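Please open the model in your viewer and get your selection tool ready. We will go stop by stop, choosing residues and looking at what surrounds them.

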Amino acid sequence: MKMDCKHVWEHISEYIDDSVDAKLREDIERHLEHCEICSAILDSTRNILILTADNLTFELPVGYSERLHARLARELETAKQD
Amino acid sequence: MKQESGTTEAALIERILAGEKELFHELIRPYERRVYLTVFSMVKNETEAEDAAQETVISAYRHLASFRGDAKFSTWLTTIAINEGRKRLRKAKRAAEESIEEQAEGHEGDFTPAPLTDWREIPLEALERKELRQALRSAVAELPDIYRQVFTLRDLEELNVEETAEALGINPGAVKVRLHRARMMLQKRLVPFLKSTARASRAFFGRAL
């Protein structure tokens, strides 16, 4: 069966996560081979996910870890006195 | 953000409960980032998120005895973080919960990606541009709450579908649908930021996701 673009778009997310079945994967891949638009959408989405997972994109506040452990240390100290 | 082995963690928890309390610092360390990002995705304010992250960790410490080994520690901790975030949202805005529910219905229809043909090969330099990171942060912040939460847990913190479903108390099917919508909304939002970049080497795309 020939897939249309819209059908591919509906499954892009699952395709990226590798959670489509073998048949659907094959259909999508066949479509991607000749469809520049869907290939570009797939690549752009993938790149956004790479960028999202990159620690530089979503940074923690400076000193966050130190303050967290200092607070925890105070808690442990209080608990000890109980 | 993968944990090497659950057994080490289980042993650590056992020792903490047996009295070696200081080890809680070590137990929590691999998840500091996740806890912060989880609450930040909800309260969207750095100061409040940091405060909520601290409360989460303290609460996890105080309730460690009630942690059961049938869930992963990381999922359990994430659930505490989500509850802390929800508590703060409720406090900040009584109606927040209702509007979160409404959003589920309110966004029917438009989850198609933006078609494009001229930036298939995004140069690495473009991805490293500060403006792009900023644009992504803003786009994520502007996602409707239910989508942002799922996106944060799945794509930022790299929990799997089941863990995300468990942490949010929704079914795995809903996780997949929301994740798909979140990704498509982001793709659409970010196209203009990428479009004008010139073509460059393909090498970057060899990177596995």
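Start with R71(A) and E55(B): these two form a salt bridge, with their closest N and O atoms 2.9 Å apart. Keep in mind as you look around that this is a predicted model.

Now widen the view to the whole interface of chain B and chain A, where there are 6 salt bridges and 18 residue pairs in polar contact. To colour the side of chain B that touches chain A, select helix 2 (24-28), helix 3 (32-43), helix 4 (46-62), helix 8 (130-141), helix 9 (145-156) and helix 11 (172-195) of chain B, the elements that each give two or more residues to it. Helix 4 of chain B supplies the largest share, 9 residues. By residue type, this side of chain B divides into 28 nonpolar, 6 polar and 18 charged. In total, 52 residues from chain B and 44 residues from chain A take part in the contact. About 4900 Å² is buried between the two chains, with carbon and sulfur atoms giving 64% of that area.

Stay with helix 4 of chain B and pick E50(B), which forms a salt bridge with R67(A) at 2.4 Å between the closest N and O atoms. This pair crosses between chains, ending in helix 4 (residues 64-81) of chain A. Are its two ends buried or exposed? E50(B) counts as buried because its relative accessibility is 10%, under the 20% limit. R67(A), at 38%, counts as partly exposed.

Next, select K87(B) and E84(B) in helix 5 (residues 73-92) of chain B, 3 residues apart, about one turn of the helix. Their salt bridge has its closest N and O atoms 3.3 Å apart. K87(B) is partly exposed at 41%, while E84(B) is buried at 8%.

In helix 9 of chain B, R148(B) and D145(B) also meet in a salt bridge, 2.9 Å from N to O. They too are 3 residues apart, about one helical turn. Both are buried, R148(B) at 2% and D145(B) at 17%. Then add E48(B), D51(B), E84(B), K87(B) and R88(B) to your selection: salt bridges that share partners join them into one network.

For the last stop, show the largest nonpolar core, which has 76 residues. The members touching the most others are I12(A), L72(A), F24(B), L27(B), L64(B), F73(B) and F151(B). Centre on F73(B): beyond its neighbours within four places in sequence, F73(B) is in contact with E9(B), I13(B), L27(B), I28(B), Y31(B), L64(B) and F67(B).

Note on methods
Residues numbered from 1 in each chain as written. Chains lettered and ligands numbered in written order. Predicted model: local features only at pLDDT ≥ 70, side-chain atom pairs only at ≥ 80, totals over all residues. Heavy atoms only, no water. Contact = heavy atoms within 4.5 Å. Buried area = accessible area lost by both parts, 1.4 Å probe. Salt bridge = Lys/Arg side-chain N within 4 Å of Asp/Glu carboxyl O. Polar contact = N/O pair within 3.5 Å; in protein donor to acceptor, adjacent residues only side chain to side chain. Helix = DSSP H or I, 4+ residues; strand = E, 2+ residues; numbered from the N terminus. Nonpolar A, V, L, I, M, F, W, Y, C, P; charged D, E, K, R; others polar. Core = buried A, V, L, I, M, F, W, Y, C linked by side-chain atoms within 4.5 Å. Buried < 20%, exposed > 50% of the residue type's maximum accessible area, 1.4 Å probe, protein only.
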